Amino acid sequence: MFSAKNFSPQQLSALTALTISVPIALGLYVFNHSWWVALIYLAVIFLGSFGLILFSLQTFIYRKIKLIYKLIYQTKASKREEFYYKNILPQKSIDEVREDVEKWAEQRKAEIEVLQQNEAFRKEFLQNLSHELKTPVFAIQGYVDTLRNGALYNPAVNEKFLQSTSRNIDRLVNLLADLDEISRLESGEQKLNMEEFIIQELTKDVYETLDITATDKNIKLIVKKGCEFPLIVYADKEKIRQVLINFIENAIKYGRQNGLVEASFYNVDGRNVLVEISDDGSGIGEEHLPRIFERFYRTDQARNRKIGGSGLGLSICKHIIEAHKQTIHVRSKIDVGSTFGFMLAARKSAREGS
Ligand SMILES: Nc1ncnc2c1ncn2[C@@H]1O[C@H](COP(=O)(O)OP(=O)(O)O)[C@@H](O)[C@H]1O
Ligand SMILES: [Mg+2]
């Protein structure tokens, strides 16, 4: 439809020229009664005013618009763009120009939001990192200073201080290993080493590695009844081992004395395997659940009790599972316990056969 808002400059000029020339020609005809004089006037005034109006529109308005276009696209006009500015842009109605500018503004807004978000992430990351480094480094500094100031020759404390120093150095080394792992995962430069393996066997392997830690708290590590039937998955075994270690370590660390850690495995729809690690420990408050997989995120309880690690473990797990194009999840209730789980692709050969 011909809507007043969508006039191109040509149409606008023609319409204005008509509104000027028609009444004048009509007036002349009324006084003169000579239709051809009126027609000549009509033509002359129409053409003259049309040209004039179009010229001023293009010169004064479209020049400015061209400038805006150049600014928003930040271009140095190439030949093609010059053609565009000369021939196509003047055909555009003001409305279309407005749409273009609005589209541009929206794109910029989205870009700025992403940048602001990244900036906030970066700040938070640096803050967290320096905080994590501070604690062990200051502790080491303290112990070494005390040793040098005489404690080294005091057999009652020297061994203890050295052990504490060593423990803090371990903490730093672990933190650096986690950071290294996360930066490699985030840069995406690590390739997955996919193979078929039985997920229960890997879990039992991890159970064995963590047996001593679990025994310290008298926690039993078991496979849920009915989940013993071997399920073959297709994944990067060493990476999945890392995820299981993190889950089970957490389940022990945040589990209760004399508690239970239970692993369960389900074949979902024949194509995927669901793996879950449950504990009957302290649980995680609802307000923390959405953030639990973020880098450095720990619940207040984990911070205060000083049993927590770097807070990078779950974030590494999430990266690993997402690199497998699968999902990671958590369910938890305070004082009841937590269940962490993820999906893996079922054996490759089975899927190819189906
Ligand atoms: N099984 C669990 N039970 C209760 N809280 C947990 C459990 N697993 C993880 N959390 C919470 O999630 C936080 C993040 O875990 P993680 O990334 O592994 O860090 P870390 O183990 O180094 O503290 C922990 O600090 C803890 O607060
Ligand atoms: Mg952990």
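## Exercises on a predicted model

A polar side-chain atom of Asn250 sits 2.8 Å from an oxygen atom of ligand 1. The model is predicted. The exercises start at this ligand.

**Exercise 1.** Describe the surroundings of ligand 1, from atom pairs to elements.

*Solution.*
- Step 1: list the polar pairs. Besides Asn250, Tyr254 places a polar side-chain atom 2.7 Å from an oxygen atom of the ligand. Leu314 uses its backbone instead: an N or O atom there lies 2.7 Å from a ligand 1 oxygen.
- Step 2: check the cover. Ligand 1 taken alone exposes 530 Å², and the protein buries 98% of that.
- Step 3: take the shell. It holds 22 residues, and the closest are Tyr254, Asp279, Thr299, Gly311 and Leu314.
- Step 4: assign elements. At least two shell residues come from each of α8 (237–253), α10 (313–323) and β7 (337–346). The most come from α8, which gives 3 residues.

**Exercise 2.** Asp236 has no salt bridge. Find its place in the fold and what its side chain reaches.

*Solution.*
- Step 1: locate Asp236. It belongs to strand β3, residues 232–236, and it is buried.
- Step 2: test for a charged partner. The nearest side chain of opposite charge is Lys239, 4.4 Å away. A salt bridge requires a distance within 4 Å, so Lys239 does not qualify.
- Step 3: look for a polar partner. The Asp236 side chain comes to 2.8 Å from the backbone nitrogen of Asn193.
- Step 4: add the contacts. With neighbours within four places in sequence set aside, Asp236 touches Lys191, Leu192, Asn193, Met194, Phe197 and His324.

**Exercise 3.** Classify the salt bridges of Glu119, Arg291 and Asp180 by where their partners lie.

*Solution.*
- Step 1: take the count. The model has 14 salt bridges.
- Step 2: treat Glu119. Its partner is Arg122, with the closest N and O atoms 3.1 Å apart. Both lie in helix α4, 3 residues apart, so about one helical turn separates them. Glu119 is partly exposed at 34% relative accessibility, and Arg122 is partly exposed at 44%.
- Step 3: treat Arg291. It pairs with Glu124 at 3.7 Å between the closest N and O atoms. This pair links distant parts of the chain, 167 residues apart: Arg291 is in the loop between β5 and α9 (300–305), and Glu124 is in helix α4. Arg291 has a relative accessible area of 32%, so it counts as partly exposed. Glu124, at 33%, is also partly exposed.
- Step 4: treat Asp180. Its side chain meets that of Arg184 in a salt bridge, 3.5 Å from N to O. Both residues lie in helix α5 (residues 158–187), 4 residues apart, about one turn of the helix. Asp180 is partly exposed at 40%; Arg184 is partly exposed at 28%.
- Step 5: look for shared partners. Glu124, Arg291 and Glu294 are joined into one network by such salt bridges.

**Exercise 4.** Where do Asn258 and Asp269 lie, and are they buried, partly exposed or exposed?

*Solution.*
- Step 1: read the backbone. Asn258 is not a glycine, yet its phi is positive, about 60°. Asp269 also has a positive phi, near 45°.
- Step 2: place them. Asn258 sits in the loop between α8 and β4 (260–268). Asp269 sits in the loop between β4 and β5 (272–279).
- Step 3: assign classes. Asn258 has 47% relative accessibility, so it is partly exposed. Asp269 reaches 58%, so it is exposed.

Notes. Residues numbered from 1 in each chain as written. Chains lettered and ligands numbered in written order. Predicted model: local features only at pLDDT ≥ 70, side-chain atom pairs only at ≥ 80, totals over all residues. Heavy atoms only, no water. Buried < 20%, exposed > 50% of the residue type's maximum accessible area, 1.4 Å probe, protein only. Lys, Arg positive; Asp, Glu negative; His and termini not counted. Polar contact = N/O pair within 3.5 Å; in protein donor to acceptor, adjacent residues only side chain to side chain. Contact = heavy atoms within 4.5 Å. Near = heavy atom within 4 Å. Areas by Shrake-Rupley, 256 points an atom, 1.4 Å probe, with all protein chains shown as cover.
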